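Reader: I have some questions about how the terms are applied here. Please set each value against its cut-off.

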Amino acid sequence: MSSFIFATLFVLLGALWAFINLRWARAPAASLPPTNWKNNRKLPPGPRALPIIGNLHMLGKLPHRTLQELAKKYGPLMSMRLGYMPTIVISSPLAAELFLKIHDSVFASQPKVQAADYLSYGTKGMAFTKYGPYWRNVRKFCTHELLSAAKIDSFKAMRREELESLVQSLMEAAKAHEVVDVSEKSIVHQALSLVAAPNLADYVPFLGAFDLQGLTRHFKETSKALDKILEIIIEEHVQEANSGQQRNNHEMDFVDVMLSLMKKSTNTHDGLSSIIDRTSIKAIILDMIVGTIDTSATAIEWVLSELLRHPRVMRQVQEELNSVVGMDRSIVEETDLAKLNYLDMVIKESLRLPPVAPLLIPRESVEDIVIGEYYIPKKSRIIVNCWALGRDSEVWSKNVEEFLPKRFKGSDIDLKGCDFQLIPFGSGRRGCPGMNLGLLNIRLVVAQLVHCFHWELPNGMSTAEMDMAEKFDLSSPRAKHLLAVPKYCLGV
Ligand code: HEM
């Protein structure tokens, strides 16, 4: 039995006890349907909530799927109560536009979650930090110093080196007819799983002290392991700076710039230099590592899975690569990518089904607001079901469940966060600042893997036998690892 189910059962028993002893009539806040909150102002419709746990017990192992089903009954704007937290679930592109574009500033904050306290140094990074001046300064700094087009371009040589070594190691696996585990994951993934795990303490705060799910212990262990790695990264940079080898501005990397901010204020990042310390540096590096590695790796494993399941699509991608890159060049260059239109359609379709972050990152409203006929109280959790947006048959078509890259042919739907039926990188002020880097990673790695290698399923497995189930995490990977056998296909 998972620790979450165990803990939920524990609370349910507690709730039952409370229910019997206090009687339903004496516990109105916990038992009345949502429409009665706050002076009879009308909340969006939603399922009836139980005392204490509210609707937590309904989420199941794959909350994005459960919420999509519930939205079919209650509508695209649905209200629930998760523990003590009023929660609004958004399940249509139109509703997403209202929350993430029209009223973006009201919903641009993040709720305080226990995992971020341990894994983001008390929310000193960007992703789990409240909307306000600190977040604004960190975001401006990261966008300028790491994620601008010029900075991304400046790491081109490093990416090429990594690609070459990836091709080399896969060539060796191909020679030995080895099965490759495309889904192999790191400690970063462990950290993300912990952040995504439904933590009762975030919803029923008094339970935090009991650590019923054992999550606090995991948070502490993982944060200790991550802290060691981050300390090594920072110490290496400090040693290098102290060794007298002064690097010029052009050679300074992201960590160097942050360390230099601690010593002096600058015109560009004045707001941050007065508040940055070693802990915030670690939190920001961690956000960047987590943002880059796990999301891109998850997206790549899904694209490859779909290509393996659809050999005709795989052949079409390979033909496009042959005509753009050619059979006599093994490394795909970044300049090739702009010409790979079909690959782009494959990636969009893959990010639609399934999106890497099916519920984006939950937001919190900073003030009471009325949207349409509904009242949304201050401090509501806002969950955007990106999974459901990509499967809305009203805006896509009846064949929403099919993998059909050609649906993007001639379409101007892009991934920048303005086409609300496809927002795998979110939208608005809190939309993903690393979208360009993330997309570059996915395009480059997929193009490279498919250009040099034919891929087969192991042990004669057929495409119909592939298990395409997902696991729920902040980034939702395959439930079962993708195993495949590469065959080098560019001559010797
Ligand atoms: C396939 C790649 C990626 C996907 C699918 C992805 C997806 C997302 C999503 C869905 C959000 C939440 C957006 C919202 O709530 O509107 C987000 C936020 C964020 N992403 Fe990404 N991301 C990717 C790559 C990256 C990369 C490469 C970085 C950094 C180097 C990054 C850093 C962040 C950060 C820091 C935030 C929080 C932004 C804030 O709170 O202001 N992501 N990402």
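Reader: Which helices each supply at least two residues of the lining of the largest cavity?

Author: This is a predicted model. In it, helix 7 (133-145), helix 10 (187-196), helix 15 (278-309) and helix 19 (435-452) each do so. Helix 15 gives the most, with 10 residues.

Reader: What makes a residue part of the lining?

Author: An atom within 4 Å of a cavity point. The largest cavity has 43 lining residues. Closest to its centre are Ala 127, Gly 291, Thr 295, Ile 361 and Cys 432.

Reader: How do the lining residues divide into nonpolar, polar and charged?

Author: The lining has 27 nonpolar, 12 polar and four charged residues. Cys counts as nonpolar and Gly as polar, so Cys 432 goes with the nonpolar group and Gly 291 with the polar one.

Reader: How many cavities of 30 Å³ or more does the search find?

Author: Four, over the whole structure. The largest holds about 940 Å³ of space.

Reader: Why do strand 4 and strand 7 count as a pair?

Author: Pairing needs at least two bridges. Strand 4 and strand 7 (residues 381-384) have two, in the antiparallel sense, so they pair. Glu 364 stands opposite Arg 381 in strand 7.

Reader: Why are strand 1 and strand 4 at the edges?

Author: The open sheet has four strands in the order 1-2-7-4, with mixed pairing. Strand 1 (77-82) and strand 4 (363-364) each have a single partner strand, so one side of each lacks a neighbour in the sheet.

Key: Residues numbered from 1 in each chain as written. Predicted model: local features only at pLDDT ≥ 70, side-chain atom pairs only at ≥ 80, totals over all residues. Heavy atoms only, no water. 1 Å grid on protein atoms, 1.4 Å probe; cavity = no way out; pocket = protein on both sides within 12 Å on 5 of 7 lines; lining within 4 Å. Points joined across faces, edges and corners; volume = space filled by probe spheres on them.
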